[in-house]
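Grab a coffee and open the viewer: here are some exercises to work through, each with a solution that goes step by step. Try each task yourself before reading on.

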Amino acid sequence: MDTTLQPILEASGLAKSFTLHNIDGRTVSALHDISFAVQPGEHVTLAGSSGAGKSTLLRVLYRTYRVSTGSIKFHLRSGRVVDIAQLTDVEILALRGREIGYVSQFLAAQPRRSVLDLVSRAGVSRGMSRTDAREMAALSLRRLNITEALWDVHTAVLSGGEKQRVNIAAGLISPPRLLLLDEPVSALDPENRARAIDLIADLADAGVAVLAVFHDLDAISRLATRVIRMAHGRIIDDGPAAEVLPFLQPSDVQP
Ligand SMILES: Nc1ncnc2c1ncn2[C@@H]1O[C@H](COP(=O)(O)OP(=O)(O)OP(=O)(O)O)[C@@H](O)[C@H]1O
Ligand SMILES: [Mg+2]
């Protein structure tokens, strides 16, 4: 873990509203005045009831959505600092993968690709050699309980839980410096969930900064070093996990 306490991400004054073009142009305000910083090796869990703005915040940081106002300073591996809110689309694409990763609860559609191929390619796209990527992919798939019999089948035929584990293997291979996770283990049974959580827990030791949403108090208790609680698009609590967890309401962690 980096002990210099130089943040990797500094979000300041973020706001996001959506214009509903097909409903008389009405605007929905999803995030207001969001400010926080994340250090390397921190595992920050976003909690809050449905509609609080957790997924919107992750998408804004990955720049799937553009913020309406605010800045998102990101400290690159090279030491340069960029504002994700201001970068061009081409610059954002260059950041994705090696610097910032995003794993949702759904496997990105690549139906004609085999399981091993999909996971290894994710490693190659982050700079691994093909041999190393295949070795690492095999290791993660084994840890996630995906049997070798499935490695050369197309991902389209997998069950929901298998797809989710393949998605985690691809998202965590040669991990980026900041990883955004949106309910990545939602479809897993307790045993496979525990395996996936073990893999996610290793990220902190590797110095990866993680910002994650889990609808599972056990996962949060095991992983989070810090909890940010959101309500109605605002941060209402932000502190060490041990201090915030006792105050979470059931609705903060249930889907
Ligand atoms: N693309 C969009 N267009 C319009 N409104 C949106 C869009 N994305 C999100 N919203 C709105 O923003 C608010 C926050 O939604 P968000 O998905 O971030 O909540 P969440 O905290 O992730 O909830 P959940 O726990 O149910 O996943 C909601 O009111 C939602 O309807
Ligand atoms: Mg969500």
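**Exercise 1.** Is arginine 63 buried or exposed?

*Solution.* A quick heads-up before we begin: this is a predicted model. Start by placing the residue: arginine 63 sits in the loop between α1 (54-62) and β4 (69-75). Next, check its relative accessible area, which is 7%. The cut-off for buried is under 20%, so arginine 63 is buried. Now look at the backbone: phi of arginine 63 is near 70 degrees, a positive value in a residue that isn't glycine. Most residues other than glycine have a negative phi.

**Exercise 2.** Serine 174 also has a positive phi; about how many degrees is it, and where does the residue lie?

*Solution.* Phi of serine 174 is about 45 degrees, again in a residue that is not a glycine. Its place is in the loop between α5 and β7 (178-182). For the burial class, take the relative accessible area of serine 174, 25%. That value makes serine 174 partly exposed.

**Exercise 3.** Work out how strand β3 is enclosed: how many of its residues are buried, and which strands does β3 pair with?

*Solution.* Step one is the count. Five of the five residues of β3 (residues 43-47) are buried, so the strand is largely enclosed by the rest of the structure.

Step two is the direction of the side chains. In a regular strand they alternate between the two faces of the sheet. Here His43, Thr45 and Ala47 point one way, while Val44 and Leu46 point the other way.

Step three is the neighbours. β3 runs parallel to strand β8 (residues 209-213), joined by three bridges. In that pairing, threonine 45 stands opposite alanine 212. β3 also pairs with strand β9 (residues 226-231), in the parallel sense and over four bridges. There, valine 44 has arginine 226 as its bridge partner.

**Exercise 4.** Stay with β9 and look at two of its residues: what are the relative accessibilities of valine 227 and arginine 229?

*Solution.* Valine 227 lies in β9 and has 0% relative accessibility, so it counts as buried. For a sense of distance, go to isoleucine 146, 81 residues away along the chain: its C-alpha is 31 Å from that of valine 227.

Arginine 229 is in β9 too, and at 15% relative accessibility it counts as buried. Now follow its side chain: it makes a polar contact with the side chain of aspartate 252, at 2.7 Å.

**Exercise 5.** Find the residues around ligand 1: how many are there, and which come nearest?

*Solution.* There are 14 residues around ligand 1, and Ser50, Gly51, Lys54, Ser55 and Thr56 come nearest. Then go through some distances to ligand oxygen atoms:

- A polar backbone atom of glycine 51 is 2.8 Å from an oxygen of ligand 1.
- For glycine 53, a polar backbone atom is 3.0 Å from a ligand oxygen.
- Histidine 215 has a side-chain N or O atom 3.5 Å from an oxygen of ligand 1.

One last hop takes you from threonine 56 to alanine 30: they're 26 residues apart in sequence and 7.2 Å apart in space, C-alpha to C-alpha. Alanine 30 is found in strand β2 (residues 26-38), and at 14% relative accessibility it counts as buried.

**Exercise 6.** Describe the two pockets: what are the volumes of the largest and the second largest?

*Solution.* Take the largest pocket first, with a volume of about 440 Å³. β6 (100-103), α3 (115-125) and α5 (160-172) each give two or more residues to its lining. The lining holds 21 residues, with Tyr102, Ala108, Arg126, Asn167 and Ala170 nearest the centre. Sorted by class, that lining has 11 nonpolar, seven polar and three charged residues.

The second largest pocket has about 220 Å³ of space. Of its 13 lining residues, Met136, Leu172, Pro175, Leu199 and Asp202 are closest to the centre. α4 (130-143) and α6 (190-205) each supply at least two lining residues, and the largest share, four residues, comes from α4. By class, the lining of the second largest pocket has nine nonpolar, two polar and two charged residues.

Technical notes
Residues are numbered from 1 along each chain as its sequence is written. Chains are lettered from A and ligands numbered from 1 in the order in which they are written. This is a predicted model: local features need pLDDT of at least 70, side-chain atom pairs count only at pLDDT 80 or more; totals for chains, interfaces and linings use all residues. Side-chain values use heavy atoms; hydrogens and water are left out. On a 1 Å grid over the protein atoms alone, a cavity is a set of points where a 1.4 Å probe fits but cannot get out, and a pocket is an open set with protein on both sides within 12 Å along at least five of seven lines; lining residues have an atom within 4 Å of a point. Grid points are joined across faces, edges and corners, and a volume is the space filled by probe spheres set on the points. Ala, Val, Leu, Ile, Met, Phe, Trp, Tyr, Cys and Pro count as nonpolar, Asp, Glu, Lys and Arg as charged, and the others, Gly among them, as polar. Buried means under 20% relative accessible area, exposed over 50%, partly exposed in between (1.4 Å probe, protein chains only). Two strands pair if DSSP finds at least two bridges between them. A residue is near a molecule or strand if one of its heavy atoms lies within 4 Å of it. A polar contact is a pair of N or O atoms within 3.5 Å; within protein, one must be able to donate a hydrogen and the other to accept it, and residues adjacent in sequence count only if both atoms are side-chain atoms.
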